[in-house]
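I opened this structure to see how its helices pack and what sits in its core. My entries follow in the order I looked things up.

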Amino acid sequence: MVQEVQSIGIDSIWPKYGLTETPYSTSPLKLFGTLPIDKIFANRVAELRELGTRIKSSGSSRTLVVGEPGVGKTTFGNYLRWMLCFQNRTLSKFVTTPVELKVQESWDSNQFLRATLASIYNASVIFEWKKNGHGIKTLGDVENYIKTTKNRSGGADFNTPVWGVGVSYGETLNLPDDVPGEVLEDFFLRVCKELRDQGTSLVIQYNNLENVNNDKLSSLLLSIRDFLQQDNLHTIFLGPPSSLAAFERHLQVRSVFGKDIFLNPLGEDQVLTILENRCKALRIPGGRYIKPYEDSTIKELYRSLNGNLRSICKILDDATMAYKDRVPCLITLKEIKAYSSQEVKSSLDDLSRNEKKIISSLMENGPMNPTEISGITKISLTNLSGKELKSLQKKGLITIQIDPNDKRYRIVGVSENTRLIFLFAANKTL
């Protein structure tokens, strides 16, 4: 007998607020996404002017944009690229890639070129460079080279949707691992020359530096230094303050980079403006809009979470979904605290007394090495390193990284647990 399955009603909660989708997305704004970057992005006027002027005033530039995770580095870079390349597209002499390239720890100079060429090729297809007067003959040569190589080796068809290393957008040709470095270099230099001959400048953004060991990042930068200095090429690297050490290690690298751009957390009013702009852009035409938050709630979250927009949006989205049966209700601090307390209690109930002491010390003092933690918690260094830290790391509550300034030491910090950070800030206690 076949059992009849009862239909389950699954609907989005956001139309009940008069919105097409969540305004609390924690993903960076894309060049062309659901949220129109030209209508949503706000603030950073001074930093945009400084970097934009540098790019427009020089034939080639290299810039490191520095900021803590969640401060909006990727969105900042994407908006700058939108301004340069698409705000006045018919008049613009700048082109860019569809997405930022994510630097990988395994990269060497050849893999850097592979990823960059793949992204440039994809940009030429997606943005129709040839149609818009930016045709690059060398990209056809790259295509023919890969076709010939695959046919000779009996490899996969050319149209296989495979990206080069570190790139994740759409379809493009696959640049095999065994393409000789001198071939990659020749293609890259020829592409840059063709762009230069047209009077066109290329802007490329590289992300993910926080996931690359500073030693490896420093070596990579040294190996690609000459490639970065091509005329009409402007590169933007986005990273946390800890990555500064990799750029400072070699004078040959530091000397070719311009003044670093530092992004501080947005102001309280600026965060409110961004959320207002998001809700405005996502309103259903003709629908009845109900504001999903109170301004006072945003201000309290701002203070508790040190102005981190990503964390603010994460906790608002989670709390709204937790009360989905009551929407369209106004999510206030009361609901957020109740939901966060329940979630944190669930996470901490299974922790030992020592594990709670470690978490509390890290929340109070910030990232520390094991010796410092031992001194504060009075847990022996042997037990701390052999058992307690490994257990907390396995549970996803802490991160353990090599100290970028001294590889003999490890740095322990609380993972990006937004609810835990919020509750600790609100109550100053576990």
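**Helix 10 against helix 12**

I began with helix 10 (residues 268-282) and helix 12 (residues 309-322), whose axes come within 11 Å and cross at roughly 50°. I enter helix 10 as oblique to helix 12, because the angle falls in none of the ranges for roughly parallel, antiparallel or perpendicular. I noted that the crossing of helix 10 with helix 12 is right-handed. The model I am reading is a predicted one.

Next I looked up which residues make this contact. From helix 10 I listed Val271, Ile274, Leu275 and Arg278; across from them, helix 12 supplies Leu309, Ile312, Cys313 and Leu316. Sorted by class, the contact between helix 10 and helix 12 holds 7 nonpolar residues, 1 charged residue and no polar ones.

**Helix 4 against helix 6**

I then turned to helix 4 (residues 109-126) and helix 6 (residues 181-198). Their axes lie 10 Å apart, and the two helices pack at an angle of about 40°. I enter helix 4 as oblique to helix 6, because angles count as roughly parallel under 35 degrees. The crossing of helix 4 and helix 6 is left-handed.

For the contact itself, I found Asn110, Leu113, Arg114, Thr116, Leu117 and Ile120 on helix 4. They meet Gly181, Leu184, Glu185, Phe187, Phe188 and Val191 on helix 6. By class, I have 7 nonpolar, 3 polar and 2 charged residues where helix 4 meets helix 6.

**Cores**

Which residues touch the most other members of the largest nonpolar core? I found Phe237 and Phe247, in a core of 101 residues.

I followed Phe247 further, setting aside its neighbours within four places in sequence. Its contacts are then Leu64, Leu209, Leu217, Leu221, Phe237, Val253, Arg254 and Phe257. Apart from the largest core I recorded another, of 15 residues, which includes Leu362, Met363, Ile373 and Val412.

**Whole chain**

Last, I took the totals. The chain has 430 residues, and 49% of them count as buried. Its secondary structure comes to 17 helices and 8 strands.

I also checked how far apart in sequence the contacting residues are. Among contacts with a separation of 6 or more, 75% are between residues 24 or more positions apart.

Terms used. Residues are numbered from 1 along each chain as its sequence is written. This is a predicted model: local features need pLDDT of at least 70, side-chain atom pairs count only at pLDDT 80 or more; totals for chains, interfaces and linings use all residues. Side-chain values use heavy atoms; hydrogens and water are left out. Axes are lines fitted to C-alpha atoms, for helices over the stretch in contact, and angles run from 0 to 180 degrees between N-to-C directions. Helices (H or I, at least four residues) and strands (E, at least two) are DSSP runs, numbered from the N terminus. Angles under 35 degrees count as roughly parallel, over 145 as roughly antiparallel, 65 to 115 as roughly perpendicular and the rest as oblique. A crossing is left-handed if the near helix is turned anticlockwise from the far one by less than a right angle, and right-handed if clockwise. Contact means heavy atoms within 4.5 Å. Ala, Val, Leu, Ile, Met, Phe, Trp, Tyr, Cys and Pro count as nonpolar, Asp, Glu, Lys and Arg as charged, and the others, Gly among them, as polar. A nonpolar core is a set of buried Ala, Val, Leu, Ile, Met, Phe, Trp, Tyr and Cys residues joined through side-chain atoms within 4.5 Å. Buried means under 20% relative accessible area, exposed over 50%, partly exposed in between (1.4 Å probe, protein chains only).
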